[in-house]
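The exercises below are meant to be worked with the sequence and the structure side by side. Try each task before reading its solution.

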Amino acid sequence: MMEYIASVQGTGSAATLTFTGIPNTYNSLVMKGVGHTTHTSQDLAKIRFNSDTGYNYVSNRGGRDGTNNYAFQGGGISMAPFAYTPSASLNVGTMLFQLDMNIWSYQKASTRPGCPSFMCQANYRHSDSAQIGFLYSGWYKGDNTVDVTTINLIMTSGNWGSNTKLDLYGRTDS
Amino acid sequence: MAGIEAGKTWSRIGAETAPTDSAAAGVWGDLNEVAENVGAGTWPAPKYSQYEYIAGHTFDGSTSSYTFSGIPQTYNSLRLISCDLGQSSSIATPRLQLNGDTGSYYGMCWVGSHGGSITSRFGGYTSSTIYSYDSNEASTPTVREILLDGYTLSSMVSPLQLQFGTCATSGTSNMSANGVSGVLLNGTAAITSLKYFDISGYTFASGSTISMFGFVTP
């Protein structure tokens with residue numbers, strides 16, 4: 001069972017969307033929805049926990065872009081990618097990416113051992129001849145003596161478009 | 001569970017002020033008063049989010065397609081689950097089309113493995129359908145999950161996700177796990193219909209099912 005927590009909505013003028021006051025009572029979190037950028041070219045959406053801007057994130061992503069396979073990883077980065085947005089040739093103003101993300105171990109380590117982590121799939125059209133299907137995973141290795149109560153969603157180059165809507169849920173039974 | 005007891009912390013529930021002839025305001029007399037409040041529409045909405053069944057179909061072995069039409073536009077997102085039973089003579093290749101569009105406007109990217117080999121293919125493909133396939137073993141299931149977020153937006157192009165796995169009972173060559181990203185690139189209309197069909201006309205085996213669910217958010 002999932003319990004609705006909150007939503008964030010893009011406005012076209014903000015590069016960061018933030019969930020705050022996340023209760024520490026759930027087994028895990030789920031974030032669902034769609035997003036897009038105001039940038040005029042391909043953009044990359046990234047996530048932070050508890051607004052920590054330190055180099056405390058590890059990321060891995062890979063999949064298919066057109067006819068090519070790709071895999072990327074990064075350690076000691078200041079935020080973790082979780083979605084691409086389309087390039088200009090596909091009209092970034094009307095193309096959404098779709099997101100289904102699971103977030104585990106978001107409570108402090110004394111409550112739930114391990115560091116906060118996520119995994120998601122985000123899809124969109126990359127260009128006239130290429131569709132992207134990528135899987136993303138990431139870990140937060142910063143201060144795990146406190147619960148994650150804030151999640152920041154950051155668009156790297158542009159702002160979150162006005163049709164962006166991402167919902168956060170808490171799982172009560174898994 | 002006991003009700004109000006001496007020394008126990010308590011609070012009012014709901015906004016209604018109970019009858020006050022001889023009772024304390026805000027205290028619920030019995031469940032009928034709670035029901036009265038619910039009936040008046042003043043009770044808070046349920047806080048749980050879950051998938052709600054919309055429609056489904058069980059194939060009888062004689063047809064090769066099923067279309068969900070008039071999809072309600074009231075849900076946060078859609079989820080479809082299908083379970084096809086393989087046929088011994090051929091590999092069915094179930095496809096998807098949206099909004100009745102049969103043109104070559106579908107973009108698709110496919111990653112996965114089949115029988116121990118990587119099957120990253122069809123990336124960048126533009127086709128008249130979104131692909132998948134079934135096991136070719138009789139009575140052996142292929143399970144599919146299709147997710148559509150943002151399907152109600154009429155000003156945006158909304159991709160879908162499809163994951164599916166095929167099973168095998170006589171070895172591993174037909175086992176597979178696949179993830180597909182698909183999108184209809186012909187305009188930005190909201191998605192109101194979804195056709196699930198075999199492009200070669202193979203019939204879905206009797207007992208194969210497909211169901212559509214809508215995600216309810218308070």
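**Exercise 1.** Which residues does M101(A) touch, not counting residues up to four places away in sequence?

*Solution.* The model is a predicted one. Setting aside the neighbours up to four places away in sequence, the residues that M101(A) touches are V30(A), M31(A), F82(A), F118(A) and C120(A). The next step is to place M101(A) in its wider setting: the largest nonpolar core holds 76 residues, and M101(A) belongs, with L29(A), M31(A), F82(A), F97(A), L99(A) and A122(A), to those that touch the most other members. Within this core, β10(A) provides the largest share, six residues. Another core lies apart from it and has five residues, including F59(B), L85(B), A92(B) and F204(B). As background, nonpolar side chains in soluble globular proteins tend to be buried together.

**Exercise 2.** Describe the secondary structure and the overall dimensions of chain A.

*Solution.* Begin with the elements: chain A has zero helices and 12 strands. Its radius of gyration is 16 Å, close to the 16 Å that the globule rule gives for 174 residues, so chain A is as compact as a globular protein of that length. Along the principal axes, the C-alpha atoms of chain A fill a box of roughly 50 × 30 × 30 Å. Turning to burial, 49% of the 174 residues of chain A count as buried. Finally, of the contacts in chain A between residues at least 6 apart in sequence, 78% join residues at least 24 apart.

**Exercise 3.** Carry out a similar description for chain B.

*Solution.* Chain B contains one helix and 12 strands, and, read from the N terminus, the helix precedes the strands. Of its 218 residues, 35% count as buried. Among the contacts in chain B with a separation of 6 or more, 75% are between residues 24 or more positions apart.

**Exercise 4.** How many residues of chain A are in contact with chain B, and how many of chain B with chain A?

*Solution.* The count is 31 residues of chain A and 32 residues of chain B. On the chain A side, the strands that each supply at least two residues include β1 (2–9), β3 (28–35), β9 (117–127) and β10 (130–140). Sorted by class, that side of chain A has 11 nonpolar, 13 polar and seven charged residues. The last step concerns strand pairing across the chains: β1(A) and strand β1 (residues 48–58) of chain B run antiparallel and are joined by two bridges. In this pairing, M2(A) stands opposite S49(B) in β1(B).

Note on methods
Residues numbered from 1 in each chain as written. Chains lettered and ligands numbered in written order. Predicted model: local features only at pLDDT ≥ 70, side-chain atom pairs only at ≥ 80, totals over all residues. Helix = DSSP H or I, 4+ residues; strand = E, 2+ residues; numbered from the N terminus. Buried ≥ 20, exposed ≤ 12 C-beta atoms within 10 Å, placed from the backbone. Contact = placed C-beta atoms within 7 Å. Nonpolar A, V, L, I, M, F, W, Y, C, P; charged D, E, K, R; others polar. Pairing = 2+ DSSP bridges. Rg over C-alpha atoms; globule rule 2.2 N^0.38 Å. Core = buried A, V, L, I, M, F, W, Y, C linked by C-beta atoms within 7 Å.
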